[in-house]
Amino acid sequence: MFALVYFGQSHAAYYHFYMELREGETRAILSSLMTGGAKRGVPNPWLFEEPEETRGLGFDELRQQQQKIIQEQDTGLDALSSIISRQKQMGKEIGNELDEQNEIIDDLANLVENTDGKLRTETRRVTMVDRKSASCGMIMVILLLLVAIVVVAVWPTN
């Protein structure tokens with residue numbers, strides 16, 4: 001609608017001006033409808049060509065066609081729903097399997113950590129025994145050499 005500011009003119013002049021604007025607006029709307037909305041940039045939905053599949057059909061036939069389309073869409077949606085339900089179930093099963101696999105991996109990681117600790121402990125023991133055995137072997141060699149020196153020193157040379 002138009003908003004007009006009244007500048008002290010008579011009511012009759014105002015009314016006459018308002019009616020001309022309304023009449024012009026009505027003419028513009030009718031013209032727009034007849035030309036397909038070219039003046040306002042909006043296409044007129046009443047001037048579109050009717051599709052081949054609905055051309056010449058009566059109201060009841062159009063309703064039946066719409067019902068058929070709705071039934072086809074419902075069938076498609078039911079199929080889509082069953083597919084999505086199956087995928088949901090598969091997703092749950094995959095999630096359960098992953099949980100089980102994670103538990104197995106955690107148990108395996110704990111076993112590996114325990115085995116690693118035991119292996120480090122045994123490696124330290126083997127290193128210590130190796131050091132002791134090397135020093136023990138040297139002590140044995142020294143003792144044998146000392147005995148040999150004493151035997152040679154005591155052995156009569158005559």
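1. Secondary structure first: this predicted model has two helices and zero strands. Helix H1 covers 11-35, and helix H2 takes in residues 59-154. Most of the points below concern residues in H2, with one stop in the loop that comes before it.

2. On burial, there isn't much to report: buried residues account for 3% of the 158 residues in the protein. The exposed area comes to about 14,600 Å², and 63% of that is supplied by carbon and sulfur atoms. Worth keeping both figures in mind when you look at the surface patches further down.

3. Thr 54 is one to look at in the loop, as it sits between helix H1 and H2. Is Thr 54 buried or exposed? With a relative accessible area of 15%, Thr 54 is buried, because that value falls under the 20% cut-off. As for what is around it, leaving out residues up to four places away in sequence, Thr 54 touches Leu 62 and Gln 65. Gln 65 is 11 residues from Thr 54 along the chain, and their C-alpha atoms are 8.6 Å apart.

4. Now the salt bridges, of which the structure holds two. One pairs the side chains of Arg 120 and Asp 116, with an N to O distance of 3.1 Å. Both residues belong to helix H2 and are four residues apart, about one turn of the helix. Their accessibility differs in class: Arg 120 counts as exposed at 52% relative accessibility, while Asp 116, at 34%, counts as partly exposed.

5. Glu 122 and Arg 125 form a salt bridge too, and here the closest N and O atoms are 3.2 Å apart. How far apart in helix H2 are Glu 122 and Arg 125? They are three residues apart, so about one helical turn separates them. Glu 122 counts as partly exposed at 40% relative accessibility, and Arg 125 is partly exposed as well, with a relative accessible area of 48%.

6. There's a patch of negative charge on the surface, too. Which residues gather in it? The answer is Glu 97, Asp 99, Glu 100, Glu 103, Asp 106 and Asp 107. Take Glu 103 as a sample member: it is found in helix H2, and it counts as exposed because its relative accessibility is 53%, over the 50% cut-off.

7. Last, the nonpolar side of the surface. Ile 139, Met 140, Leu 143, Leu 146, Val 150 and Val 154 make a nonpolar surface patch of about 580 Å². Val 154 has its place in helix H2, whose range runs over residues 59-154. Why does Val 154 count as exposed? Because its relative accessibility is 62%, and over 50% is what exposed means here.

8. If you're clicking through the model, a handy order would be the loop residue Thr 54, then the negative patch that includes Glu 103, then the salt bridge between Arg 120 and Asp 116 and the one between Glu 122 and Arg 125, and finally the nonpolar patch that includes Val 154.

Technical notes. Residues numbered from 1 in each chain as written. Predicted model: local features only at pLDDT ≥ 70, side-chain atom pairs only at ≥ 80, totals over all residues. Heavy atoms only, no water. Buried < 20%, exposed > 50% of the residue type's maximum accessible area, 1.4 Å probe, protein only. Areas by Shrake-Rupley, 256 points an atom, 1.4 Å probe, with all protein chains shown as cover. Patch = residues over 30% accessible without salt bridge, like charges linked within 9 Å, V, L, I, M, F, W, Y side chains within 5 Å. Salt bridge = Lys/Arg side-chain N within 4 Å of Asp/Glu carboxyl O. Lys, Arg positive; Asp, Glu negative; His and termini not counted. Charge placed at Lys NZ, Arg CZ, Asp CG, Glu CD. Contact = heavy atoms within 4.5 Å.
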